[in-house]
Amino acid sequence: MSSKSFTQITGDLSKGLATLRSEIPETMSAFNTLAKESMKAGALSALQKELIALAIGVAARCDGCIGFHVKALIRLGVTREQLMETLAICTYMGGGPNLMYAAEAVRAYEEFTAAQTKVAE
């Protein structure tokens, strides 16, 4: 069993990102504008764009990317089936290493949805 917590990863990274926003505000503002404009719905829905972002995060083996994009997907109402089909494509395109990070994306999804369920109770 992996000891990695995506809640911890995203929390820790959020602290570092806050420092960057404070110390390099122009750069972070530009990055945030790029992210916001890239992710808004257009020909592709916001959900489809987040699935693509997750796939790239899996392929890049980026734990933070997986955590933040899975959280965004849950907010957008991703179904488990949509997530799994995206991870199947990641595995097909990237083989074994992507399969390991696809499993991490499943863990992130399960961790965040379990936490969401506890809050709702």
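The following dialogue asks how the descriptions of this predicted model are justified.

Student: What should be kept in mind about the numbering and the model?

Tutor: Residues are numbered from 1 along each chain as its sequence is written, and side-chain values use heavy atoms, with hydrogens and water left out. The model is predicted, so that local features need pLDDT of at least 70 and side-chain atom pairs count only at pLDDT 80 or more, while totals for chains, interfaces and linings use all residues.

Student: How do you know that Glu104 forms a salt bridge with Lys4?

Tutor: A salt bridge is a side-chain nitrogen of Lys or Arg within 4 Å of a carboxyl oxygen of Asp or Glu. The closest N and O atoms of Glu104 and Lys4 are 2.6 Å apart, which means that the pair meets the definition. Glu104 lies in helix α5 and Lys4 in the segment before α1, so the salt bridge ties together parts that are 100 residues apart in sequence. Helices here (H or I, at least four residues) are DSSP runs numbered from the N terminus. Lys4 and Glu104 also belong to a network of salt bridges that includes Asp63 and Arg107.

Student: Why is Glu104 called buried, and what is Lys4 called?

Tutor: Buried means under 20% relative accessible area, exposed means over 50%, and partly exposed is in between (1.4 Å probe, protein chains only). Glu104 has a relative accessible area of 9% and is therefore buried, whereas Lys4, with 22%, is partly exposed.

Student: Which other side chains meet in a salt bridge, and how many salt bridges are found in the whole structure?

Tutor: A search of the whole structure finds five salt bridges. Among them, Lys40 and Glu37 meet at 2.9 Å, N to O, and Glu110 and Arg80 meet at 2.8 Å, N to O. Lys40, at 46% relative accessibility, counts as partly exposed, and so does Glu37 at 43%. Glu110 is partly exposed with a relative accessible area of 38%, and Arg80 is partly exposed with 34%.

Student: How do you know that Lys49 has no salt bridge?

Tutor: Lys49, which is found in helix α3, is buried, and the nearest side chain of opposite charge, Glu37, is 8.6 Å away. Lys and Arg count as positive and Asp and Glu as negative, while His and the chain ends are not counted. The 8.6 Å to Glu37 does not satisfy the salt-bridge cut-off, and therefore no salt bridge is assigned to Lys49. Lys49 does touch Ser38, Met39, Lys40, Gly42 and Leu44, not counting residues up to four places away in sequence, where contact means heavy atoms within 4.5 Å.

Student: What makes the span of helix α4 close to the expected one?

Tutor: The expected span of a helix is 1.5 Å times one less than its number of residues. Helix α4 (residues 63-75) has 13 residues, for which 18 Å is expected, and reaches 19 Å from its first C-alpha to its last. Its buried residues are Gly64, Ile66, Gly67, Val70, Ala72, Leu73 and Ile74, and what covers them includes α1, α3 and α5.

Student: What places Ile9 of helix α1 beside α4?

Tutor: Ile9 touches Asp63 and Gly64, as well as Lys4, not counting residues up to four places away in sequence. The C-alpha atoms of Ile9 and Gly67 are separated by 7.3 Å, although these residues are 58 residues apart along the chain. With a relative accessible area of 17%, Ile9 is buried.

Student: Why are Leu13, Leu17, Leu20 and Ile24 called a nonpolar patch?

Tutor: Patches are made of residues with over 30% relative accessible area and no salt bridge; like charges are joined within 9 Å, and nonpolar side chains (Val, Leu, Ile, Met, Phe, Trp, Tyr) within 5 Å. Leu13, found in helix α1, has a relative accessible area of 38% and is partly exposed, so this residue passes the area cut-off for a patch. Together the four residues have about 280 Å² of accessible area, a value from the Shrake-Rupley method with a 1.4 Å probe, in which only the protein chains shown count as cover for residues.

Student: What makes the phi of Arg61 notable?

Tutor: Most residues other than glycine have a negative phi. Arg61, in the loop between α3 and α4, has a positive phi near 55°.

Methods: Helix = DSSP H or I, 4+ residues; strand = E, 2+ residues; numbered from the N terminus.
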